[in-house]
Amino acid sequence: MTNALRLMSETPLIDGHNDLPWQLRKKFNNQLKEVDLYTLNNTHTNIPKIREGHLGAQFWSAYVPCDSQYKDAVRQTLEQIDVVHRMCQKYPEAFMFATSAEDILNAFRQNKTASLIGVEGGHSLDSSMGTLRTMYQLGVRYVTLTHSCNTPWVDNWLVDTGSEPSQHNGLSPFGKQVVMEMNRLGMLIDLAHVTVEVMNQVLDMSKAPVIFSHSSAYAVCPHKRNVPDDVLRKVSDKKGIVMVNFYNDYVTCSKTATLSQVADHFSHIREVAGAEIIGFGGDYDGVGRVPEGLEDVSKVPALVAELLRRGWNDTEVKAALGENLLRVFREVERVRDSMNATIPDDKPIPYKEVENSCRTSYGYPDHAGTVQCSSPLALLLVFALAVLTSQG
């Protein structure tokens, strides 16, 4: 453990995904005055656990469920972005808001946890380039293209299970626009939660390396949320990163798992594609089952020690801890800077691809503008009334 802690004192542990903001929504409706992150004890994450776990930087997830799609997903996502900002403001001795690779290192030098934001799910954008750009201006630095629902422009991982139909054969034309606009902005593209077809399409077309913020190795646990070996090799070619998820179901494809079995995913990815594409993506506070030995964020040093026990050298461990993510981030920033003469993409998604009972059509010349938003139950009652009336 001594060597593990030494390496973690020299290189920031950067975790790709933590759902504490969603716990703040569920438990306190984002009322931070009602919670003390020093004493909160019914989550995987609090400030004492963060310090014990030597967490150098965290991508906090701005997540809202798929059932908010076509309704209030954008508002709810903005509120999750807001709660991360306010968390940093309430605890400035523990957290430093960060939007760049250099910010992560600055926070590490100050012994604070760099706090970044990732939006988990393209439904949070409501198929809007303007929303994507605005979220970037608010400090968001990655967007997971889907969660567990198709959007009007990209298929989600459930398509690969056969439980949902493909709507786009991967990315729609507008989805490809989104990918290129993310490159232009300097927004990290997160491929956790997408189909294998989307993985390959984005890896082929993106000018910048991509991330999997919280996914594991499919060959070790054949769950469709995990990454197949051929995609791991393409991630290596693209110089991207796969940040290993600790959720038991993705570690062992069962309800139980151990720290050693998480390390098996690290070892497999290293063997197939090299230590240069590996990171940590615990998914703490977003899952209900975590491995024995990794019960909360304080336990991560034990996983680092296990990698060292398995023969990983210091260079490989430092790469997985944070150097790989910093390399990816810097390259995304370099691509952004190289595209600074490219104008923002302001071509909207075709209206027919997003038309629904809760969406207005202002700006689309061939459509009327206002609509009456009705709940499915209200629409059903109107339909039933119409049937009864016609029968009368």
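The largest cavity in this structure has a volume of about 60 Å³. This is a predicted model, so please read everything I say as computed from that prediction. The count comes to three cavities of 30 Å³ or more.

What lines the largest cavity? The residues are Leu13, Asp15, Gly53, Leu55, Gln58, Phe280, Tyr284, Val297 and Val300. Strands β1 and β2 (55–62) are the elements that give two or more residues to this lining. Sorted by class, the lining has six nonpolar, two polar and one charged residues.

Val300 takes us to the next topic, helix α13, where it is one of the buried residues. Why is α13 described as largely enclosed by the rest of the structure? Buried means under 20% relative accessible area, and eight of the 10 residues of this helix, which spans residues 300–309, are buried, so the description follows. Besides Val300, the buried set holds Pro301, Leu303, Val304, Ala305, Glu306, Leu307 and Leu308. These buried residues pack against helices α1 (2–10), α3 (47–52), α12 (259–273) and α14 (314–338), and against strands β1 (13–18) and β9 (278–280). Just after α13, Gly311 takes a positive phi of about 100°.

Phe280, from the cavity lining, also appears in the largest nonpolar core. Of the 93 residues in that core, Leu37, Phe95, Leu145, Phe266 and Phe280 touch the most other members. Leaving out residues up to four places away in sequence, Phe95 touches Leu37, Ile47, Ile50, Trp60, Met87, Cys88, Lys112, Thr113 and Ser115. There is also a second, separate core of 24 residues, and its members include Met96, Ala101, Ala114 and Ile211.

Terms used. Residues are numbered from 1 along each chain as its sequence is written. This is a predicted model: local features need pLDDT of at least 70, side-chain atom pairs count only at pLDDT 80 or more; totals for chains, interfaces and linings use all residues. Side-chain values use heavy atoms; hydrogens and water are left out. Buried means under 20% relative accessible area, exposed over 50%, partly exposed in between (1.4 Å probe, protein chains only). Helices (H or I, at least four residues) and strands (E, at least two) are DSSP runs, numbered from the N terminus. Contact means heavy atoms within 4.5 Å. A nonpolar core is a set of buried Ala, Val, Leu, Ile, Met, Phe, Trp, Tyr and Cys residues joined through side-chain atoms within 4.5 Å. On a 1 Å grid over the protein atoms alone, a cavity is a set of points where a 1.4 Å probe fits but cannot get out, and a pocket is an open set with protein on both sides within 12 Å along at least five of seven lines; lining residues have an atom within 4 Å of a point. Grid points are joined across faces, edges and corners, and a volume is the space filled by probe spheres set on the points. Ala, Val, Leu, Ile, Met, Phe, Trp, Tyr, Cys and Pro count as nonpolar, Asp, Glu, Lys and Arg as charged, and the others, Gly among them, as polar.
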